[in-house]
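Student: I am new to this structure, and I would like a close look at its cysteines. Could you take me through them slowly and then show me how they fit into the rest of the chain?

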Amino acid sequence: MSNLKNYLFTSESVSEGHPDKVSDRISDMVVDSYISGDPFSRVACETLTTTNKVVLAGEVRGPEIKKEDLIEKVRSCIKDIGYDQDGFTWKDATKIECHLHSQSSDIAMGVDSSGNKDEGAGDQGIMFGYACNETDVLMPAPIHYSHKILRLMAEDRKSGKLKNIEPDSKSQVTFEYVDGKPTKVKSVVISSQHSADINQAQVRDLLRPYMLNSIPGNFIDGFNEDEFYVNPTGNFVIGGPDGDCGLTGRKIIVDTYGGAAPHGGGAFSGKDPTKVDRSAAYAARYIAKNVVASKISDKCLIQLAYAIGVSKPLSIYVDLFDNDLEKNKFVVEKINENFDLSPRGIREMLNLNKPIYEKTAAYGHFGRVPENDGSFSWEKTDKTNVFSK
């Protein structure tokens, strides 16, 4: 994509009530529950959601947590998202099964630190981080505004301001790029579950303000109303896990950059921070964001590669998209000098051994605001001086 100057580019988002996101939320709640009891817990939790059923499976090492307590927390997640429907509810009609068991001793042996051996990566793999100056949070515009539409809808739905709209929603925003920069919105799609009490024209009227309030006026001036698509298939009353089975980790492009940058393939939710799928992707975003925030580059892509049981990354790749080889070399040198990218180094640098993961499960892991409890620490721009020439 870097060679094209004029093009259309589209990204999608899904709401916290999307079946896959319900699963992500529950898996990250499990991570937070174990880390709350022991900051060095190990968790790999997968969640399946379907009609009136939730199934948890995976491996854990940490404090003793009763299955009944986890099941109650699952119900709290479902209630907070807003599900109390015939086919999926936070109440007892939804059956919850917990099949979490102890972590493999083979994996533990490769990952744990001992003697002179530093803690190794929990798996092999490649992780990418990306940042660009298209938005104030240094995220690509299409995914940023797709998230924002759904986030504002969810806030008003939960407060009672937005009525007859149910939790399961999707959005999609297409931008027209001229000379490599986003210039205007070409089309917007919002699909949302709704009550049986309203028709599609009413759904359209309810959701139009969220498009208009999410996207800055300069991008939407002269927008063609024919390019605003709401529930294109028609009725959307049956939704959520009742309408479609949900699984942890199936929305990795929604979670990252909306397709504007590569993805290593590993999902984030349900994994404790020793898993480099998660922590190294956060570290790569942190570095890329600080590179762009330092204003030496309009955009930055970083790839990190790891081997299971080995602490240091096998390779670090940087692309600044400007063919300036000296600057590229400078950035790689600064990364090597200033960032410890071992699993332990990343966790300590970003303070990741905290119960901060449940809130990452919807509306993207990146482009968020760092919070006082330590969540979204990878969004800080406190290392720009490292890269400022």
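Tutor: Let's start with a term: a disulfide is counted here as a pair of cysteine sulfur atoms within 2.5 Å. In general, a disulfide is a covalent bond between the sulfur atoms of two cysteines. Before we use that, please keep in mind that this is a predicted model, in which local features need pLDDT of at least 70 and side-chain atom pairs count only at pLDDT 80 or more, while totals for chains, interfaces and linings use all residues. Residues are numbered from 1 along each chain as its sequence is written, and side-chain values use heavy atoms, with hydrogens and water left out.

Now to your cysteines. The structure holds 0 disulfides. Take C132: the closest cysteine sulfur to its own belongs to C300 and lies 11 Å away, so the two are too far apart for a bond. C132 has a relative accessible area of 2%, which means that this residue is buried. Here, buried stands for under 20% relative accessible area, exposed for over 50%, and partly exposed for what lies in between, using a 1.4 Å probe and protein chains only.

C245 also lacks a partner, because the closest cysteine sulfur, in C45, is 15 Å from its sulfur, too far for a bond. With a relative accessible area of 30%, C245 is partly exposed.

How does this fit into the rest of the chain? Of its 389 residues, 55% count as buried. The chain contains 12 helices and 13 strands; these are DSSP runs numbered from the N terminus, with helices being H or I of at least four residues and strands being E of at least two. Computed along no single direction but along its principal axes, the C-alpha trace spans about 65 × 55 × 30 Å.

One helix gives us a residue to visit. Y210 sits in helix α5, which covers residues 200-214, and its 8% relative accessibility makes Y210 count as buried. Setting aside neighbours within four places in sequence, Y210 is in contact with I149, L152, M153, D156 and L162, where contact means heavy atoms within 4.5 Å. Y210 and A280, by comparison, are 70 residues apart in sequence, and their C-alpha atoms are 34 Å apart in space.

Contacts also tell us about the whole chain: among those with a separation of 6 or more, 72% are between residues 24 or more positions apart.
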